[in-house]
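Q: I have a structure to go through and would like to ask about it piece by piece. May we start with a single polar contact?

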Amino acid sequence: MNARNSFRPGEIWPDNHGVHINAHGGGILFHDGIYFWFGEHKIEGKAGNFAHVGVHVYSSRDLYNWRDEGIALTVSDDPKSEIVRGCILERPKVIFNPRSNKFVMWFHLEPKDAGYNGSFSGVAMAGNITGPFQFVRAFRPNAGVWPINVPPEAKYPLSVEELARLEKLDLAGGPRPWYPKQLLFRRDFTGGQMARDMTLFVDDDGRAYQIYASEGNGTLHISLLSDDFLSPAGRFIRVLPGRFNEAPAMLKWRGKYFLFTSDCTGWAPNPARLLAADSVFGEWEELGNPCLGAGEEISNTFNSQPTFILPVQGKRDAFIFMADRWNPQNAIDGRYVWLPIEFQHGTPVIQWRAEWNLSYFDHK
Ligand code: GAL
């Protein structure tokens, strides 16, 4: 097969066997000169919206040509396992821990046949980058910990009356005209915070963070990980309560942090958002829609939803916006939308390109 030498967002992307890459909601880890792309392995049809196989991993040196490295984390056949076949296992991300010399994977996990109400974070670990990863545990992060950025008077668990009032509300799905901004994190103080769409981010100082959609998707949390990256360290903030950001993807550029997110409309695309801060723990400011273009391009993020921002090695100011064009009717046919990030007036933006390559980053 001829080697590829460009990106073609939204098209079939064959691996070294000529099979469309199967790594949805993914992220990339660069290790020892090689890129490793981890993502959800999906199967055909609507069944593919559930985890029947696990987390797939591919490797590449040039980012265009990907070699199938197999399944990094396999779902279990044991009905008692938390990652039993048929559960929901989404948006896996892998980082390397230099202290333990282990690769650590975090993902969004929903128990089988229980919708999206579990809102767990799953953790798995491996000595080898391509796996096999061993499942460690699933839990709701930050149980018993108050967010850093709430006033002392908000730091008390919900009263019985407040809880009763909250239970009457329908908080499923996306934004509602009224959102109980000050209640959900207090409700979940004891049992742990809800964690759905998520990403991981490792800062220059080696600290790692989990960024997850919490509080019924209404509020993002940014949570420092422990030194071994296996648990939350017990320090987290709430970001833009009630703004309903999901699909977070983070980049750091010239000392500033940028977070790409989407609105909450399930598998259907919506306008992306860009948030910025001078430090990971905020203050976070919303800058607006990072997509440049017209009509649908900006109203549906080029028909995609963010999943990861990839820093390109060996090039200055070079980042790739990675997004998914989901196909919930035939999940395996989901496409990948990779676009170069451009900086205009100190702000990252993206524009549609039907075909492009890494030389884009040399001509700025
Ligand atoms: C999206 C989310 C996906 C998946 C989907 C399920 O909003 O980003 O990762 O959870 O909802 O409907």
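A: Certainly. A polar atom in the side chain of Asp324 lies 3.0 Å from the backbone nitrogen of Gly25. A polar contact here is a pair of N or O atoms within 3.5 Å; within protein, one must be able to donate a hydrogen and the other to accept it, and residues adjacent in sequence count only if both atoms are side-chain atoms.

Q: What kind of model is this, and how are residues numbered?
A: The model is predicted, so local features need pLDDT of at least 70 and side-chain atom pairs count only at pLDDT 80 or more, while totals for chains, interfaces and linings use all residues. Residues are numbered from 1 along each chain as its sequence is written, and side-chain values use heavy atoms, with hydrogens and water left out.

Q: Back to Asp324: is it buried or exposed?
A: Asp324 is buried, with a relative accessible area of 2%. Buried means under 20% relative accessible area, exposed over 50%, and partly exposed in between, using a 1.4 Å probe and protein chains only.

Q: Where is Asp324 found, and what is it in contact with?
A: Asp324 is found in strand β19; strands (E, at least two residues) and helices (H or I, at least four) are DSSP runs, numbered from the N terminus. Leaving aside neighbours within four places in sequence, its contacts (heavy atoms within 4.5 Å) include His24, Gly25, Gln305 and Arg335.

Q: Gln305 is on that list. Which residues are around the ligand?
A: Gln305 is one of them, together with Glu90, Arg91, Tyr116, Asp197, Glu246, Gly266 and Trp267. A residue is counted as near the ligand if one of its heavy atoms lies within 4 Å of it.

Q: Which distances do we have from oxygen atoms of the ligand?
A: An N or O atom in the side chain of Arg91 is 2.9 Å from a ligand oxygen. For the side chain of Gln305 the distance is 3.0 Å, and a backbone N or O atom of Gly266 lies 3.1 Å from a ligand oxygen.

Q: How much of the ligand does the protein bury?
A: The ligand taken alone exposes 310 Å², and the protein buries 89% of that.

Q: New topic: which residues touch the most other members of the largest nonpolar core?
A: They are Trp37, Leu63, Trp66, Ile320 and Trp338, in a core of 42 residues. A nonpolar core is a set of buried Ala, Val, Leu, Ile, Met, Phe, Trp, Tyr and Cys residues joined through side-chain atoms within 4.5 Å.

Q: Which strand gives the most to this core?
A: β20 does, with six residues. Among the other strands that each supply at least two are β2 (34-40) and β13 (246-253).

Q: What does Ile320 touch?
A: Beyond four places in sequence, the contacts of Ile320 include Phe7, Leu63, Trp338 and Trp356.

Q: And Leu251: where is its place, and is it buried or exposed?
A: Leu251 is in strand β13, and it is buried, with a relative accessible area of 1%. Leu251 touches, among others farther than four places away in sequence, Phe201, Ile309 and Phe343.

Q: Last one: what about Gln210, buried or exposed?
A: Gln210, in strand β10 (residues 208-214), is buried, with a relative accessible area of 0%. The side chain of Gln210 makes a polar contact of 2.9 Å with the side chain of Ser121.

Terms used: Areas by Shrake-Rupley, 256 points an atom, 1.4 Å probe, with all protein chains shown as cover.
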